[in-house]
Amino acid sequence: MAQNRYKKLMGNTLIFAIGTFSSKVLVFLMLPYYTNILSTGEYGTVDALINVGQLMIPIASVGINNAVIRFGLEKGTDKNSVFSSGLYTILMGFVCLAAVSPVLTLLMDFMSGYTIAVLAFVLASSLRTLCVQFALSMGYNKMYAANGIANTFLNVILNILLLPHFRIMGYLLANILADVATGLLMFVLAKEHQYLISPVSRKMDRGLSKRMRKYALPLVPQTVCQWIINMSDRYMIIFFINTQANGLYAAATKIPNILLVVANLFADAWQISAVKESDPKEQVAFFSKVLGAYSSIAFIGSSGLIMISKVVMTFMVGKDFFISWRYIPVLTLGTTFGLLATFLASVYMLRLKSRNSMVTTMICAVVNIVLNCILIPVLGNHFGAFWGAMGAGIATFISYFVLFLIRAFDTQKYLKIQWNVKKTIVSVVILFVQALIMTAEVPFWFVLVPALFVLLAAINAREILLSVNKLLRRG
């Protein structure tokens with residue numbers, strides 16, 4: 001079993017990498033297309049609409065899709081009740097959201113004229129996520145990866161066709177139609193209609209449905225707080241500065257998202273392995289070894305991204321967006337600690353401690369909001385609109401760092417993960433100094449930044465090689 005554990009993790013990661021990486025790279029390469037067609041104001045509005053839609057998804061679905069994958073992976077659970085509970089929860093939640101939708105335009109004037117489209121985006125995305133998450137829990141790993149590729153390719157094709165003619169609405173329609181088509185495709189191919197039962201049927205396991213909701217409910221405020229950490233800065237930039245500044249900031253965030261893409265290749269496979277590992281003693285060793293390699297890869301990847309931040313923006317965005325490269329180093333720092341905090345959240349998932357995940361994220365969100373309210377206007381007033389938006393990046397970095405520290409200590413109560421503390425501290429210091437040098441473009445930055453990258457890689461390479469060697473020998 002110990003041998004199969006590592007082989008399955010590596011095998012699943014490879015499958016998801018083929019599916020996710022190819023599709024996400026295509027989206028990344030579309031950034032020049034978007035930024036050359038849309039103005040900075042239009043791109044800022046599109047970014048705001050999509051992100052507010054993503055905020056509504058966990059609220060409308062009551063976070064039930066998190067429970068679908070978690071309980072779908074458990075042995076002995078009634079799969080009919082898992083899928084049906086997820087579906088009915090989403091539909092009821094959407095009805096409630098639609099009922100209060102007129103208020104949304106009053107609260108967010110940028111949604112004027114797009115409310116119905118955003119609601120359609122929320123429903124389509126929620127239902128597709130249900131279908132693909134349930135299929136993943138049932139072992140359709142390759143189908144899950146292929147569906148991700150299909151969704152992205154369809155999204156890109158529809159954007160090429162619709163964006164030049166319908167601008168902002170074209171972007172929204174492309175996302176909606178892609179989700180509807182690939183969601184239905186997964187529903188049919190995975191034969192998920194077989195798992196549908198009536199909500200009043202005696203076959204429905206109401207005890208399981210209750211357990212699913214109990215697990216999912218704390219994840220709703222957690223997801224909202226996660227959104228606040230990731231996205232509230234966009235709306236505060238719009239509030240304190242303007243949509244043009246948000247357009248620049250939004251373009252810069254796409255580059256650190258490369259780290260999220262790579263991390264997500266592993267995340268889908270990891271949640272399967274983490275839940276299915278049942279031996280408590282083996283769990284500690286398993287988590288510690290994987291975390292060692294994961295953190296080292298995160299540090300090296302972040303350092304490399306900071307190093308090439310200015311170069312990559314010369315060909316990834318339109319000329320009006322180029323100046324946004326200065327946001328990338330601090331945003332990359334925030335993303336790095338966000339990845340480490342997310343890995344630690346898998347301990348909460350394993351122990352069904354969703355409340356801890358919620359509380360730690362809420363603390364982080366409060367820190368983020370407070371710092372945004374202080375840094376954006378202060379830096380904006382003293383140094384101009386561009387540096388005001390930089391305040392949002394700094395707030396994101398600090399809040400994710402706080403989240404990482406809290407979870408690093410709190411998760412020890414549930415799983416005694418073994419850390420290489422010295423390596424972690426040294427890596428964090430080097431990464432911070434590198435980001436500072438790159439952003440300020442201090443004299444000889446073009447020598448110092450690569451040198452720090454080499455040093456960081458040397459410090460972390462040994463642990464990666466040892467971890468890979470252990471995995472291969474186990475496998």
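**Note on cores, ring pairs and salt bridges**

1. Asp-410 is buried, with a relative accessible area of 13%. That is under the 20% limit, so the residue counts as buried. Its salt-bridge partner is Lys-413, with the closest N and O atoms 2.9 Å apart. Lys-413 is exposed, at 59% relative accessibility. This is a predicted model, so these values are all computed from predicted atoms.

2. The structure holds six salt bridges. Arg-234 and Asp-233 form one of them, at 3.9 Å from N to O. Both of these residues are buried. Shared partners join Asp-47, Asp-233 and Arg-234 into one network.

3. Arg-326 and Glu-441 also meet through their side chains in a salt bridge, at 2.7 Å from N to O. Arg-326 sits in the loop between helix 13 and helix 14, and Glu-441 in the loop between helix 17 and helix 18 (445–474), so the bridge ties together parts 115 residues apart in sequence. Glu-441 is partly exposed, with a relative accessible area of 22%.

4. Which residues have the most contacts inside the largest nonpolar core? They are Leu-49, Met-56, Met-111, Phe-287, Tyr-327 and Phe-343, in a core of 103 residues. Helix 14 (residues 328–350) gives the most to this core, with 12 residues. A second, separate core has 17 residues, among them Ile-64, Ala-67, Phe-71 and Leu-208.

5. Take Leu-49 as a case from the largest core. Setting aside neighbours within four places in sequence, Leu-49 is in contact with Phe-110, Met-111, Tyr-114, Val-118, Ile-168, Leu-172 and Tyr-235. Met-111 is thus a contact of Leu-49 and is itself listed among the residues with the most contacts in that core.

6. Aromatic pairs number 23. In one, the rings of Tyr-327 and Phe-386 have centres 4.6 Å apart and planes at 20 degrees, so the pair is stacked. Tyr-327 lies in the loop between helix 13 (309–316) and helix 14, while Phe-386 is in helix 16 (residues 385–410), so the pair ties together parts 59 residues apart in sequence. Both rings belong to buried residues: Tyr-327 is at 1% relative accessibility and Phe-386 at 16%.

7. Is the pair of Tyr-348 and Tyr-414 stacked or edge-to-face? The centres are 6.3 Å apart and the planes stand at 75 degrees, so this pair is edge-to-face. Tyr-348 is in helix 14 and Tyr-414 in the loop between helix 16 and helix 17, 66 residues apart. Tyr-348 is buried, at 1% relative accessibility. Tyr-414 is partly exposed, at 21%.

8. Ring pairs also build a cluster from Phe-337, Phe-397, Phe-401, Phe-404, Trp-419 and Phe-432. Phe-432 has a second role, as part of a nonpolar surface patch. Its partners in the patch are Val-421, Ile-425, Val-429, Val-433 and Leu-436, and the patch covers about 530 Å². Val-421 belongs to helix 17 (residues 421–440).

9. Gln-434 is in helix 17 as well. Is Gln-434 buried or exposed? Gln-434 is buried, with a relative accessible area of 0%. Beyond residues up to four places away in sequence, Gln-434 touches Ser-303, Ile-306, Met-307, Val-449, Leu-452 and Phe-453.

Technical notes. Residues are numbered from 1 along each chain as its sequence is written. This is a predicted model: local features need pLDDT of at least 70, side-chain atom pairs count only at pLDDT 80 or more; totals for chains, interfaces and linings use all residues. Side-chain values use heavy atoms; hydrogens and water are left out. Patches are made of residues with over 30% relative accessible area and no salt bridge: like charges are joined within 9 Å, nonpolar side chains (Val, Leu, Ile, Met, Phe, Trp, Tyr) within 5 Å. Accessible areas come from the Shrake-Rupley method with a 1.4 Å probe; for residues, only the protein chains shown count as cover. A salt bridge is a side-chain nitrogen of Lys or Arg within 4 Å of a carboxyl oxygen of Asp or Glu. Helices (H or I, at least four residues) and strands (E, at least two) are DSSP runs, numbered from the N terminus. A nonpolar core is a set of buried Ala, Val, Leu, Ile, Met, Phe, Trp, Tyr and Cys residues joined through side-chain atoms within 4.5 Å. Buried means under 20% relative accessible area, exposed over 50%, partly exposed in between (1.4 Å probe, protein chains only). Contact means heavy atoms within 4.5 Å. Rings of Phe, Tyr and Trp (its six-membered ring) pair if their centres lie within 6.5 Å; planes under 30 degrees apart count as stacked, over 60 as edge-to-face and the rest as tilted.
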